[in-house]
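Trainee: I'd like to go through this one with you. Put it up on the screen, please.

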Amino acid sequence: MDSRVITITSGKGGVGKTTTTANLGTALAMMGKKVAVVDSDIGLRNLDAVMGLENRIVYDLVDVVEGQCRLRQALIKDKRQSELYLLPAAQTRDKNAVNSVQMEQLCQQLRPEFDYILIDSPAGIEQGFRNAIVGADEIVIVANPEMASVRDADRIIGLVEAAGKPEPRLILNRLRPEMVRRGDMMDVADVLEVLGIDLLGIIPEDETIIVAINKGEPIVYDKRARAGKAFLNAAQRIMGEEVPLEDVEDAPTLMERLRRLMGFGPALTEKRVRS
Amino acid sequence: MGVFEFMLGRKKPSPGEVARERLKVVLANDRIKVNPELLELIKMDLLKAISQRMEVDEQRVQVNMTREGGLDKILADMPVKRQKIAFEWDPPAYTPAANALKGNKLHVEVERMDEE
């Protein structure tokens, strides 16, 4: 079986790695793929909660690596997708409990069983991050359109390159269309211009994501949620389908146009094309 | 650009544009990979070159990267212990010194000690 190991990472914390992993994993499973999502954030387990599987954990990644249990025993079947499994992180261990060789072996163990293996990386650029990318075929970087996040993403791109991995792709998360329209937030073109990598998806800021996480249900199940639709599109792109990029920067309203014309509003940012 | 801004002849950048421009500068700096090892090598090269002419206090030598007026600079702080000026003196033929040297050159070394 031709399986793909994809690591979701970001450098900066709190930009949406875990949410992205849960939603891409669920979306791929919804499209009939066999998927494993792996939480490699040892000591700060969270992917289980985002997927609503926190009460079902018996064994974890460290138990598998140390031979305390078989891989099958640690894999938790998803509530709704029969071909989606979670390998949770250990909560009471620290990130040095696993080394790079063990992580690579774990990926090899998972490959024959699944089409896609998504690894949720810890924040930072230390051992935990290195472990998360060591066995990966592809890297997806999650960034928000703000300085600290993009700066960290740039650092990660350099480290991924140095590790001999192919060029990562970007999920631009938490974009606020109305702020971009007013010129108060960097737009997609700005971020792509400075990072110089390809875009996998644009996820608009969406309050319903918090509601979804509260319930432990990935947003991709919510048909009305824009963020859910955007994650579904990104998952299709992972599968190699051509899906046009979502138009998150809708046209300005009449009032905004008027205000701008009068000079009261922020200037219109002209659209730049990536060279 | 709004009508009023146009009349004033200026355009204030939006916060989004400010972020983009600041980010470009920050990333340009981040990407210049002047690591400590490279700086140490540069320091050794400088020491080697300077030591031929002057004796510097190697313990107090500092070589750092700095940024001034939009340019990256290497700032080398090299305290001189003792100036050593050496040259070959080839006096003009008409001088008595030239006769004394009989066509040879004179090796001259001048030292100036630190006042300590």
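Mentor: Let's fix some words before we start. A residue is buried if 20 or more other C-beta atoms lie within 10 Å of its own, exposed if 12 or fewer do, and partly exposed in between, with C-beta atoms placed from the backbone. Helices (H or I, at least four residues) and strands (E, at least two) are DSSP runs, numbered from the N terminus.

Mentor: Now the ground rules. We're looking at a predicted model: local features need pLDDT of at least 70, side-chain atom pairs count only at pLDDT 80 or more, and totals for chains, interfaces and linings use all residues. Residues are numbered from 1 along each chain as its sequence is written, while chains are lettered from A and ligands numbered from 1 in the order in which they are written.

Trainee: Let's start with chain B. What pattern does it follow along the sequence?

Mentor: Chain B has four helices and five strands. Just 4% of its 116 residues count as buried. Read from start to end, the pattern is α-α-α-β-β-β-β-α-β.

Trainee: Why do the end C-alpha atoms of helix α2 of chain B agree with its 17 residues?

Mentor: The expected span of a helix is 1.5 Å times one less than its number of residues. For α2 of chain B (residues 15-31) that should come to 24 Å, and the agreement holds because its end C-alpha atoms are apart by 24 Å.

Trainee: Within what arc do the buried residues of α2(B) fall?

Mentor: The buried ones are Gly16(B), Ala19(B), Arg20(B) and Leu23(B). They line one face of the helix, because seen down the axis (taking directions from it to the C-beta atoms) they fall within an arc of 95°.

Trainee: Which residues on the other side of α2(B) are exposed?

Mentor: An α-helix has 3.6 residues a turn, so residues three or four places apart point the same way. Opposite the buried face of α2(B), the exposed residues are Glu21(B), Arg22(B), Val25(B), Ala28(B) and Asn29(B).

Trainee: And what do the buried residues of α2(B) pack against?

Mentor: Packing here goes by contact, where two residues have C-beta atoms, placed from the backbone, within 7 Å. The partners of α2(B) belong to chain A: α7 (147-162), α8 (177-182) and α9 (188-195).

Trainee: On to chain A. Which are the edge strands of its sheet?

Mentor: Two strands pair if DSSP finds at least two bridges between them. The open sheet of eight strands in chain A shows mixed pairing, in the order β3-β4-β2-β5-β1-β6-β7-β8. The edge strands, each pairing on one side only, are β3 (76-77) and β8 (198-204).

Trainee: How many of the residues of strand β5 of chain A are buried?

Mentor: β5(A) is joined to β2(A) by five bridges, running parallel, and β1 (residues 4-9) of chain A also pairs with β5(A) in the parallel sense over five bridges. Leu118(A) has Ile6(A) standing opposite and Val37(A) as a bridge partner. Tyr116(A), Leu118(A) and Asp120(A) point one way from β5(A), and Ile117(A) and Ile119(A) the other way. The strand (residues 116-120) is largely enclosed by the rest of the structure, because the number buried is five of the five.

Trainee: From which helix does the largest share of the largest nonpolar core come?

Mentor: A nonpolar core is a set of buried Ala, Val, Leu, Ile, Met, Phe, Trp, Tyr and Cys residues joined through C-beta atoms within 7 Å. The largest one has 81 residues, and those with the most contacts inside it are Leu61(A), Ile117(A), Leu118(A) and Phe231(A). The largest share of this core, seven residues, comes from residues 226-238 of chain A, which is helix α11.

Trainee: Is Ile209(A) buried or exposed?

Mentor: Ile209(A) sits in helix α10 (residues 207-215) of chain A. Beyond four places in sequence, Ile209(A) touches Thr19(A), Ile219(A) and Ala227(A). Because Ile209(A) has 25 C-beta neighbours inside 10 Å, it counts as buried.

Trainee: Then Gly240(A): is it buried or exposed?

Mentor: Gly240(A) lies in the loop between α11 and α12 (254-262) of chain A. With 6 other C-beta atoms within 10 Å, Gly240(A) is exposed.
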